[in-house]
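Biologist: Could you take one part of this protein and look at it closely, namely the aromatic rings and how they are arranged? A connected account would suit me better than a list.

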Amino acid sequence: MSYQVIARKYRPQKFNDVVGQEHVTRTLSQAIAQKRIAHAYIFCGPRGTGKTTVARIFAKCLNCTGGPQVDFSEDDPRCKEIAEGRSLDVMEIDGASNNGVEQVRELRDTCKYAPASSRFKIYIIDEVHMLSAAAFNALLKTLEEPPEHVKFLFATTDPEKVIPTILSRCQRFDLRQIPTRLISDHLALIAGKENVQIEPAALHAIARGAEGGMRDAESTLDQLISFCGDRIEEADVLSMFGLTAQAQLLELARAVLAGETEAGLRQLTQLTSSGKDLGRLLSDLLNHFRNLLLFQVSRGDLNMLEVSETEAAAIAEQVSLVGTDALTRILEVFGDAEMRLRDASSRKILVEITLLKAIEARNAVSIDALLKHLQSLRAGTPAEHASPAPAAPAQRVPPAPSAGVAAPAKPVSAPSPAKTVADPISTPKPASAPATLQEPAPENQAATVDLGQIWSNLIGAVGRVSPFARTYLLEAHPVSLTRKLLTIGLDPEHQEHLGLVDTSKNHELISLKMKEMGHPDLLVKFIVAERPHGLVLPPPSATPESGTPKPSAPKPGTATTPRSATPAAPASNINDFKNDPLIKKALEIFKGQIVDIRA
């Protein structure tokens, strides 16, 4: 008798022998027990997962002696005929070679006749997605209303290519990839029957390389028995198929998580020099980091993972080295490299660069965390998620009282962040450099600072350069002035203007003018703050030296509406507005002209 390969020799003959597809075999068994047998079934799934095998077993259940029944005898002559492909009533058709209209027309004509010796005439069409569109359409009517003695069983690896009108006439069963643990256990059972000694690590390596296909794993075992004889070790599996040892893979992953660049590159060089498949290596690394992420998210639930005991122990040890965000970034790096590997001219260089990127991604900071940190610095509150490098917390600057301001009963002070800082969602803020909080000024400095007069001179100085910025400063008020920081507040009613005035350009302009007024190296900070009750400021001056300018009269024929005790800008500022680059750009865009200026 000729030799029979393991995949055929140990092919399942009953539903109980099928590995990893209990959701399909149980449904079919219940349908037979309840006599709810449909006229057409389609089995979908990856290669080597048992689609045709399940179809043959189902055909045996339907046509066995005394059937339909699940617990048929394997010595039943009808079942033997089906298993050996000799049954006249069970016809297996290859959809790839019989995909034309002529073959479907012949099938449609012959299915009318009664079965020769069995209860049903069964058509098993493998790779049914290979049928042409015309052949599918020719089969529609027969498939929808076949004779009572006809059953159709389809199998396909690509159900997307089967037209919807065919799918809607069938009961669909999706076979999934078989878990690695089940493949390893089944191979151990086969090896015992073949009197072959095989290491558990070798079994796991074979199952891992099969990628969920039992037929691939059995073919690999058959090849290894021919190569190694009656004893198989893990090194034999790795050398034959270019796989990476589990210990090497875990060590490489640990080097990435620990940030050990040199150790990771040395490990990668050893793997590439020994001829390991780089595509398989990237796939294994992706699967390992995916297991780490699931282990961390599920808080140590191993039921979600398909790992050996050694890998489970390594995952429990490595999960403390990294966070969820870092694992996500590492997975993105390896996933992108896996897509680019097929088109890379130098695969080794690409994998080396990917390894370095993965190590850098561990310590990277997301944009959202960085923006949140910047917002917290601007608000003057400690950041919840700072950068990885530890930094000393900033001190909040207490406001300095002003001698030139008519103070109310309580001194002017910066309100608390919860009341004064604008909501970052409702109030847009540009990405300007935030003002770093500095130490409070000495106490003797407060007595020499006339904050009201400085504010008046500042508005005049800024107005000579940018009338546009002066307009918004007229809506603001000084909160505090220290040795290194000027805090400016806007009333909540004007908080929508915060994003317009709080720009790097205005920061530089105000700092420059304060330097000219004797306050060098000063940072500027804008906040939303209520104007203190009773605060009276000197009227803004046109220049730091001059007094209060006289307001100009409005142009004849122009309707004007005064705004809550806010002085109108002088008429001479019209020329300044016309020369402002932003105003010029606005006039060009809107095709307008300046009629009047209002503070």
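Modeller: The model is a predicted one, and some context comes before the rings: the protein exposes about 31700 Å², of which carbon and sulfur atoms supply 53%, while 43% of its 599 residues count as buried. The protein has 26 helices and ten strands, and among its contacts with a separation of 6 or more, 74% are accounted for by residues 24 or more positions apart.

Turning to the aromatic rings, a pair is described in general by the distance of the centres and the angle of the planes. The count comes to six aromatic pairs, taking ring centres within 6.5 Å as the criterion. One of them joins Y41 and F58, whose ring centres are 5.0 Å apart and whose planes stand at 80°, so this pair is edge-to-face, given that angles over 60 degrees fall in that class. The pair links distant parts of the chain, since Y41 belongs to strand 1 (residues 40-44) and F58 to helix 3 (residues 51-63), with their positions 17 residues apart. Y41 counts as buried because its relative accessibility is 1%, and F58, with a relative accessible area of 0%, is buried too.

Another pair is made by F152 and F154, and this one is tilted, with 6.0 Å from centre to centre and 40° between the planes; both F152 and F154 are buried. Returning to Y41 and F58, these two residues belong with F43 and F173 to one aromatic cluster.

How values were computed:
Residues are numbered from 1 along each chain as its sequence is written. This is a predicted model: local features need pLDDT of at least 70, side-chain atom pairs count only at pLDDT 80 or more; totals for chains, interfaces and linings use all residues. Side-chain values use heavy atoms; hydrogens and water are left out. Helices (H or I, at least four residues) and strands (E, at least two) are DSSP runs, numbered from the N terminus. Buried means under 20% relative accessible area, exposed over 50%, partly exposed in between (1.4 Å probe, protein chains only). Contact means heavy atoms within 4.5 Å. Accessible areas come from the Shrake-Rupley method with a 1.4 Å probe; for residues, only the protein chains shown count as cover. Rings of Phe, Tyr and Trp (its six-membered ring) pair if their centres lie within 6.5 Å; planes under 30 degrees apart count as stacked, over 60 as edge-to-face and the rest as tilted.
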